[in-house]
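Trainee: I'd like to go through this structure with you, one question at a time. Can we get started?

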Amino acid sequence: MTPQYEIRPVHADEWRQIKTLRLHALSDEAAPMAFLESYAEASTRPDGFWEDRARGSSVEAGPGAGARQFVAVTEDGGWVGTAAALVEKAGDVDFEGAVIGRSGGHVVGVFLCPRHRGRGVVGRLLQAVTDWLRETGLEHVWLYVHADNARAQRSYEKAGFRPTGRRISGSIGPEIEMARTL
């Protein structure tokens, strides 16, 4: 039987689940070319860090929130995937220190447990993220993906993202910018 997945935003009191899923993501073999932090760094963060992260990206943060995290939850309550969106305003400085030229959404932290891949779950997570960004009034969204991460690039293309032609030498190596209109 094919598992069913609920795709939903996180709640502020779910910081323990957020922490567990993030640490699982950082232990994935692709983590060094997918995430800006290591398992060693994240595992030493105090509980307050995770509580703040949950509170700031939760549905309780309200409509003006600058971030929203979505999760894929199985019928038995297991958290198996996640994707988050950051609202970035023109003139702000991004995670790499570059000035943002145009307001939009930035997809980050995409992960799906390996045994749940190939079932369309990442596409549903990305749809939830882009729907939320559209509801905030934004018109476009982008993400960065490692140039060697072909699996992730294919998932993003299936979700409507296209390479913009911009490449950056990011902190995790060469990255391709992909974007889509909302």
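Mentor: Sure, and let's begin with helix 4. At 1.5 Å a residue (the expected span is 1.5 Å times one less than the number of residues), its 15 residues should span 21 Å. The end C-alpha atoms agree with that, because they are 21 Å apart. Helices (H or I, at least four residues) and strands (E, at least two) are DSSP runs, numbered from the N terminus.

Trainee: Before we go on, where do these numbers come from?

Mentor: This is a predicted model, where local features need pLDDT of at least 70 and side-chain atom pairs count only at pLDDT 80 or more, while totals for chains, interfaces and linings use all residues. Residues are numbered from 1 along each chain as its sequence is written, and side-chain values use heavy atoms, with hydrogens and water left out.

Trainee: Which residues of helix 4 are buried?

Mentor: Buried means under 20% relative accessible area, with exposed over 50% and partly exposed in between (1.4 Å probe, protein chains only). By that rule, the buried ones in helix 4 are Val121, Val122, Leu125, Leu126, Ala128, Val129, Thr130, Trp132 and Leu133.

Trainee: Which residue with a positive phi follows helix 4?

Mentor: Look just past the helix, where phi is near 100°. The residue there is Gly137.

Trainee: On to the sheet, then. In what order do its strands lie?

Mentor: Two strands pair if DSSP finds at least two bridges between them. Here seven strands form an open sheet with mixed pairing. Strand 1 (5–9) and strand 6 are the edges, each pairing on one side only. The twist averages 25° from one strand to the next, and the order is 1-2-3-4-5-7-6.

Trainee: How many bridges join strand 3 to strand 4?

Mentor: Strands of a sheet pair through backbone hydrogen bonds, either parallel or antiparallel. Strand 3 and strand 4 run antiparallel, and Thr82 has Phe111 in strand 4 as its bridge partner. The number of bridges joining the two strands is seven.

Trainee: Which residue in the turn between strand 2 and strand 3 has a positive phi?

Mentor: Strand 2 and strand 3 pair in the antiparallel sense over seven bridges, with Arg68 opposite Ala85 in strand 3. They form a hairpin with four residues between them. The turn residue with a phi of about 90° is Gly77.

Trainee: How many residues of strand 3 are buried?

Mentor: Strand 3 has 10 residues and is mostly covered. The buried count is nine.

Trainee: What is the volume of the largest pocket?

Mentor: On a 1 Å grid over the protein atoms alone, a pocket is an open set of points with protein on both sides within 12 Å along at least five of seven lines, and lining residues have an atom within 4 Å of a point. This one is lined by 50 residues, with Val108, Gly109, Val110, Phe111 and Tyr156 nearest its centre. A volume is the space filled by probe spheres set on the points, which are joined across faces, edges and corners. For the largest pocket that gives about 1,200 Å³.

Trainee: Which element gives the most to the lining of the largest pocket?

Mentor: Several elements give two or more residues, including helix 4 (121–135) and strand 3 (79–88). The biggest contribution is seven residues, and it comes from strand 4.

Conventions: 1 Å grid on protein atoms, 1.4 Å probe; cavity = no way out; pocket = protein on both sides within 12 Å on 5 of 7 lines; lining within 4 Å. Axes fitted to C-alpha atoms, helices over the stretch in contact; angles between N-to-C directions.
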